[in-house]
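Work through the exercises below with the coordinates open. Try each task before reading its solution.

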Amino acid sequence: MKKHDTIKMYGLTTCFHCKSVVSFLEDMQVSVEVVNVDEKLGAERREILKEVKLLNQRCTFPTTVIGE
């Protein structure tokens with residue numbers, strides 16, 4: 001991972017594994033953009049789920065993206 005890579009994590013507020021990933025990255029002083037899918041509604045949620053399925057066909061959480 002390069003210093004300038006961005007990290008984006010798609011997760012759920014109730015997911016233990018999602019919370020663990022965020023905690024680990026924060027402990028490592030790495031910034032992460034967290035998208036909690038269960039906090040989104042309607043069309044916004046559908047669009048986010050489409051993004052997740054493109055990255056992870058099973059649409060499991062957490063789904064983490066580093067860089068492009």
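**Exercise 1. Classify Cys 59 as buried or exposed, then examine its backbone.**

Solution. The model is predicted, so every value here is computed from it. Step one: take the relative accessibility of Cys 59, which is 18%. Step two: apply the cut-off, since buried means under 20% relative accessible area. Cys 59 therefore counts as buried. Step three: place the residue. Cys 59 sits in the loop between helix 2 and strand 3. Step four: read the torsion. Phi of Cys 59 is near 55 degrees, a positive value in a residue other than glycine. For context, most residues other than glycine have a negative phi.

**Exercise 2. Find where Gln 29 lies and decide whether it is buried or exposed.**

Solution. Start with position. Gln 29 belongs to the loop between helix 1 (16-27) and strand 2 (33-36). Next, the torsion: phi of Gln 29 is near 60 degrees, which is positive in a residue other than glycine. Last, the surface. The relative accessible area of Gln 29 is 75%. Exposed means over 50%, so Gln 29 is exposed.

**Exercise 3. Determine which peptide bond is cis, and locate its proline.**

Solution. Check omega from Phe 61 to Pro 62. Omega there is near 5 degrees, and the bond is cis. Most peptide bonds are trans. Pro 62 is in the loop between helix 2 (42-55) and strand 3 (63-66). Now take a distance from Pro 62 to Ser 20. Their C-alpha atoms are 9.6 Å apart, with the two positions 42 residues apart along the chain. Ser 20 is part of helix 1. At 33% relative accessibility, Ser 20 counts as partly exposed.

**Exercise 4. Map the surroundings of Thr 63: what does its side chain reach?**

Solution. Thr 63 is in strand 3. Its relative accessibility is 6%, so Thr 63 counts as buried. Take the polar partners one at a time. The side chain of Thr 63 makes a polar contact with the side chain of Asn 56 at 3.0 Å. The Thr 63 side chain also reaches the backbone oxygen of Thr 60, at 2.6 Å. Then list the touching residues, leaving out those up to four places away in sequence. They are Lys 8, Met 9, Tyr 10, Val 52, Leu 55 and Asn 56.

**Exercise 5. Write down the order of elements in the chain, and say how many helices and strands there are.**

Solution. Count by type: two helices and three strands. Then read from the N terminus: β-α-β-α-β. Now look at sequence separation in the contacts. Among contacts between residues at least 6 apart in sequence, 65% join residues at least 24 apart.

**Exercise 6. Test the chain against the compact-globule rule.**

Solution. With 68 residues, the rule gives a radius of gyration near 11 Å. The chain has 12 Å, which agrees with a compact globule. For the extents, the C-alpha trace spans about 35 × 25 × 20 Å along its principal axes. Buried residues make up 25% of the 68 residues.

**Exercise 7. Describe the chain's surface and charge: how many positive and negative side chains are there?**

Solution. Begin with area. The chain exposes about 5200 Å², and carbon and sulfur atoms supply 52% of that. Then count charges. There are 10 positive and 10 negative side chains. Finally, compare positions: the centres of the two sets lie 6 Å apart.

Notes: Residues are numbered from 1 along each chain as its sequence is written. This is a predicted model: local features need pLDDT of at least 70, side-chain atom pairs count only at pLDDT 80 or more; totals for chains, interfaces and linings use all residues. Side-chain values use heavy atoms; hydrogens and water are left out. Helices (H or I, at least four residues) and strands (E, at least two) are DSSP runs, numbered from the N terminus. The radius of gyration is taken over C-alpha atoms; the globule rule is 2.2 Å times the number of residues to the power 0.38. Buried means under 20% relative accessible area, exposed over 50%, partly exposed in between (1.4 Å probe, protein chains only). Contact means heavy atoms within 4.5 Å. Accessible areas come from the Shrake-Rupley method with a 1.4 Å probe; for residues, only the protein chains shown count as cover. Lys and Arg count as positive and Asp and Glu as negative; His and the chain ends are not counted. The place of a charge is taken as NZ of Lys, CZ of Arg, CG of Asp or CD of Glu. A polar contact is a pair of N or O atoms within 3.5 Å; within protein, one must be able to donate a hydrogen and the other to accept it, and residues adjacent in sequence count only if both atoms are side-chain atoms.
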